[in-house]
Amino acid sequence: MSGIKASGQKRLVLVSGRAHPELAENIAGELGSELVPTDARTFANGEIYARFDESVRGCDAFVIQSHSTPINEWLMEQLIMVDALKRASAKRITVVAPFYPYARQDKKGRGREPISARLVADLFKTAGADRIMSVDLHAAQIQGFFDGPVDHLFAMPVLLEYFKERLDPENLTVVSPDMGRVRVADNWSDKLGAPLAIIHKRRDPLVPNQVSVHEIVGDVKGRVCLLVDDLIDTGRTIVKAAEALKENGATGVVVASTHAVFSDPAPEILQSSSIDKVVVTDTLPLSDAQTFEKLEVLSIAPLLARAIREVFEDGSVTSLFDGAA
Ligand code: R5P
């Protein structure tokens with residue numbers, strides 16, 4: 001039988017959806033455990049079916065799923081798995097969603113819009129989730145959408161380690177690509193001992209995925225710029241930001257981003273841009289077509305595994321980030 005038993009006979013059970021099996025396997029490996037064998041499939045009409053091949057009665061279950069394309073399918077699969085665990089008498093169910101689905105729809109920007117991130121939280125709750133674990137939520141307030149504990153993890157220590165070894169703070173400026181990332185970028189600037197610059201970006205609410213840069217606040221001339229963002233989707237925000245930095249005299253541009261959504265045309269425009277390096281984590285799977293020469297992918301599995309262990313052992317998830325975020 002898969003899973004880890006703690007002294008009090010609690011059993012930790014890991015199950016995974018089909019979106020990113022490699023990440024789930026790596027998390028299980030870090031925990032010295034195995035995933036529960038699961039029969040998950042899609043019927044001809046698109047309906048999803050899932051059944052666990054072992055008993056999950058009384059267990060502390062963690063349902064790992066990455067919300068990549070096709071995001072609605074993977075979301076539904078995770079909901080179905082939570083439902084199956086609930087009906088099979090799992091004692092506690094944690095949704096592990098390293099990239100929270102619909103996170104960018106966290107408020108009404110205009111009248112008659114949905115708040116889809118809240119709807120997703122409600123769906124998890126209704127399915128039977130007791131808690132949610134996620135990495136770098138696009139907006140921290142999403143934690144309040146779910147009526148239960150939310151473990152909000154930060155990829156910053158993972159990414160920071162990479163850059164600390166490679167960048168000289170004397171010649172470095174940390175850059176927020178828009179107003180929404182200023183707090184996070186400010187944190188990076190503290191940790192790296194480098195000044196902060198901010199880009200004033202604008203989007204036309206009526207034209208999705210189009211970005212324009214208005215102004216750069218801060219010192220970038222003659223400096224290497226580290227652009228920090230939570231996610232890269234089409235890549236336009238980061239590429240436009242890099243272009244603006246170069247036009248304003250930056251000598252180099254590197255990028256740190258947690259979630260590599262990489263919708264078209266991201267891989268192509270990132271590779272052909274003036275950016276020197278794009279460093280992401282593997283919260284989302286990447287196909288061959290989504291990888292490119294300038295890309296470096298760091299594993300988020302050790303961090304997720306440590307957080308899962310802390311939750312299982314009633315330890316402290318906060319302690320993982322003491323002094324880090
Ligand atoms: C915006 O608020 C986010 O932090 C990202 O900058 C944005 O969603 C990235 O989208 P894209 O890569 O399509 O410009």
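1. Let's start with one small detail: the side chain of Ser134 reaches the backbone oxygen of Ala97 at 2.7 Å. Keep in mind as you look that this is a predicted model.

2. Where does Ser134 sit? You'll find Ser134 in strand E7, which covers residues 131-135. Is Ser134 buried or exposed? Its relative accessible area is 0%, and the cut-off for buried is under 20%, so Ser134 counts as buried.

3. Now for the company Ser134 keeps. Leaving out residues up to four places away in sequence, Ser134 touches Ala97, Pro98, Phe99 and Tyr100, along with Asp151, His152 and Leu153. Ala97, then, is on this contact list and also supplies the backbone oxygen that the Ser134 side chain reaches.

4. Zooming out, the domain assignment splits the protein in two: domain 1 takes 4-154 + 301-321, and domain 2 takes 156-298. On the domain 1 side, 16 residues join the contact, and 15 residues do so from domain 2. Going by C-alpha atoms, the centres of domain 1 and domain 2 are 28 Å apart.

5. How much area is buried between domain 1 and domain 2? About 1400 Å², with carbon and sulfur atoms giving 57% of that.

6. What holds charge across this boundary? The count between the two domains is one salt bridge. Asp233 and Arg104 meet through their side chains in a salt bridge, at 2.8 Å from N to O. As for classes, the side of domain 1 that touches domain 2 has eight nonpolar, five polar and three charged residues.

7. One more count for your notes: nine residue pairs are in polar contact across the interface of domain 1 and domain 2, both residues at pLDDT 80 or more.

Technical notes:
Residues numbered from 1 in each chain as written. Predicted model: local features only at pLDDT ≥ 70, side-chain atom pairs only at ≥ 80, totals over all residues. Heavy atoms only, no water. Domains from an automatic or database assignment. Contact = heavy atoms within 4.5 Å. Buried area = accessible area lost by both parts, 1.4 Å probe. Salt bridge = Lys/Arg side-chain N within 4 Å of Asp/Glu carboxyl O. Polar contact = N/O pair within 3.5 Å; in protein donor to acceptor, adjacent residues only side chain to side chain. Nonpolar A, V, L, I, M, F, W, Y, C, P; charged D, E, K, R; others polar. Helix = DSSP H or I, 4+ residues; strand = E, 2+ residues; numbered from the N terminus. Buried < 20%, exposed > 50% of the residue type's maximum accessible area, 1.4 Å probe, protein only.
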